[in-house]
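Colleague: Before the discussion begins, please place the sequence and the structure before us. I shall then ask on what grounds particular terms are applied.

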Amino acid sequence: MLLYNSLTRKREEFVPREEGKVSMYTCGPTVYHFAHIGNLRTYIMEDVLEKYLSYSGYDVNRVMNITDVGHLSSDGDTGEDKMLKGAKREKKTVLEIAQFYTDAFFTDCAKLNIKIPNAVQPATGCIAEFIALVQGLLDKGFAYEAGGNVYFDTSKLDEYYKFNDFTEEDLEVGVREGVEGDENKRNKADFVLWFTKSKFDDQELKWESPWGIGYPGWHIECSGISMKYLGEYLDIHCGGIDNQFPHHTNEIAQTESFVGHKWCNYWFHVYHLNTNSGKMSKSSGEFLTVSLLESKGYNPLAYRYFCLQSHYRKSLVFTYENLDNATVAYNKLVARLAQLDENDGELDDAAFAEGKKKFTDALDNDLNTSLAVTALYDVLKLKTNGKTKLALVADFDRVLSIGLIEAAAKIRAEKKAEEEQKAAQTPAYDMSDPFVVEILDLIEQRKAAKKNKDFAEADRIRQYLADKGVTLIDDRTGTTFKIG
Ligand code: AMP
Ligand code: ZN
């Protein structure tokens, strides 16, 4: 499989360190509010990656943190903790907020068929690990204490900016937002590993540490949790593109300084979902959540389908018009699948292999999900039976996870129930009765007339039967009749 690696800025053959096994780490949500559908785009595409690796035969072990402390409002380490802000907003404790939005996040994930990683670890559960990591960095000379906080010293590294062309200027973001720079830093790019002093001293959750009572920085969480579960080496680390800097850059700096060797081989970054007016936001404009889409009548899986239609390395614009188009396409696809019969024929191995190759070619090419969706449509065009087509769709949906087989089965079941109900309502007539035979014959003639657009003839037949006391009942499954 070819995968774009943000670290080398190239598409590379994906080769895990251990044959057949993949260790994967995902930056989890900051649980101070609902996830917006932009955040969820990232989790959907990471889910596709994980499932495709499993589909390809790898044993994937995936770990995700839950950020319930330490993620400040500014990248410059000086803003207020987002969790505290959330708690104040809702007049609850930080832990109540964390629990509520963690549950809400997994509810959204379930609606979007996003699998829960093998391990999910809230940061507040690993404080001892973070303290050990910070102490290790101090012992090795990569960190220093200043003004009550512990900082990572970026000047100790030969190469700090691992991704793209970030510079010190990118750290100015926080300052532009009106937050003052941190005077304790020896170098502008240094970052906090452990806080005991912050402008916002009413932090709710604090722990004892060798440097005083305080709390961990956001970046140290991911290094600590990843190493706790996956050890000193990692195959793939993922996150949204905004995580590249400073978050992932800092993760690499502190983890590699601690372990003394390269840590993670592949970095997978998902580009943003934007609105027409720009960045997706939780505070301004419409706060786009899965629940909001549902309240407007959208199927969350149609949103997943919408995401799959574009490549993860392209920004995507969300509009209701785009989601409407995806919904129509999704529903049409399901309706077509509902017409297939799984009892139609035996599995056609050659056609199955042909269909599957298009799918794997697409995903082997840097997870090209839009081509994988095309491969799904190509299945419908294959010259083969319903059983094989449905088997292919079920196979692809192990990765795409848009509930196609279930949705098609639901339509089939509804149709069957409708037909059975109609049959139960239709009085049983004696089929050898010449009058019944005549009626059935005329129904067929009327059907043919309608097909030929000879509506006058169709009406004439209806009237002829009406005059004899026969009522015709038309619905989408055909025509039935009632005598008297
Ligand atoms: P957060 O809850 O802010 O820590 O973000 C959770 C995940 O969503 C991270 O991987 C972010 O990089 C990602 N993310 C944030 N905004 C967007 C967006 N507009 N589109 C896609 N992913 C995003
Ligand atoms: Zn992270």
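**Terms and their grounds**

Modeller: The buried residues of α4 pack against β6 (143-146), β7 (149-152), β8 (191-195), β9 (215-216), α6 (218-230) and α7 (247-259). This is a predicted model, in which local features need pLDDT of at least 70, side-chain atom pairs count only at pLDDT 80 or more, and totals for chains, interfaces and linings use all residues. Residues are numbered from 1 along each chain, chains are lettered from A and ligands numbered from 1 in the order in which they are written, and side-chain values use heavy atoms, with hydrogens and water left out.

Colleague: How do you know that the span of helix α4 agrees with its number of residues?

Modeller: Helices are DSSP runs of H or I, at least four residues, and strands are runs of E, at least two, numbered from the N terminus. The expected span is 1.5 Å times one less than the number of residues. For the 13 residues of α4 (residues 127-139) that gives 18 Å, and the end C-alpha atoms are 18 Å apart, so the two agree. Just after α4, Gly 141 takes a positive phi of about 85°.

Colleague: Why is Cys 222 called buried?

Modeller: Buried means under 20% relative accessible area, exposed over 50%, and partly exposed in between (1.4 Å probe, protein chains only). Cys 222 has 0% relative accessibility and therefore counts as buried. His 247, with a relative accessible area of 1%, is buried too.

Colleague: What makes Cys 27, Cys 222, His 247 and Glu 251 the protein donors of the zinc ion (ligand 2)?

Modeller: Donors are N, O and S atoms within 2.8 Å of the metal (3.2 Å for Na, K and Ca); water is not among the atoms, so sites may look incomplete. Cys 27 (SG), Cys 222 (SG), His 247 (NE2) and Glu 251 (OE) lie 2.0 to 2.7 Å from the zinc ion. Cys 222 in helix α6 and His 247 in helix α7 are 25 residues apart, a pair that links distant parts of the chain.

Colleague: Why is the site of the zinc ion (ligand 2) called irregular?

Modeller: Four donors count as tetrahedral if all angles lie between 85 and 135 degrees; four count as square planar and six as octahedral if opposite donors are over 155 degrees apart and all others between 65 and 115; anything else is irregular. The angles among the 4 donor atoms here are 73 to 133°, and the site is therefore irregular.

Colleague: What makes the pairing of Thr 67 with Asn 65 a polar contact?

Modeller: A polar contact is a pair of N or O atoms within 3.5 Å; within protein, one must be able to donate a hydrogen and the other to accept it, and residues adjacent in sequence count only if both atoms are side-chain atoms. The side chains of Thr 67 and Asn 65 make such a contact at 3.0 Å.

Conventions: Contact = heavy atoms within 4.5 Å.
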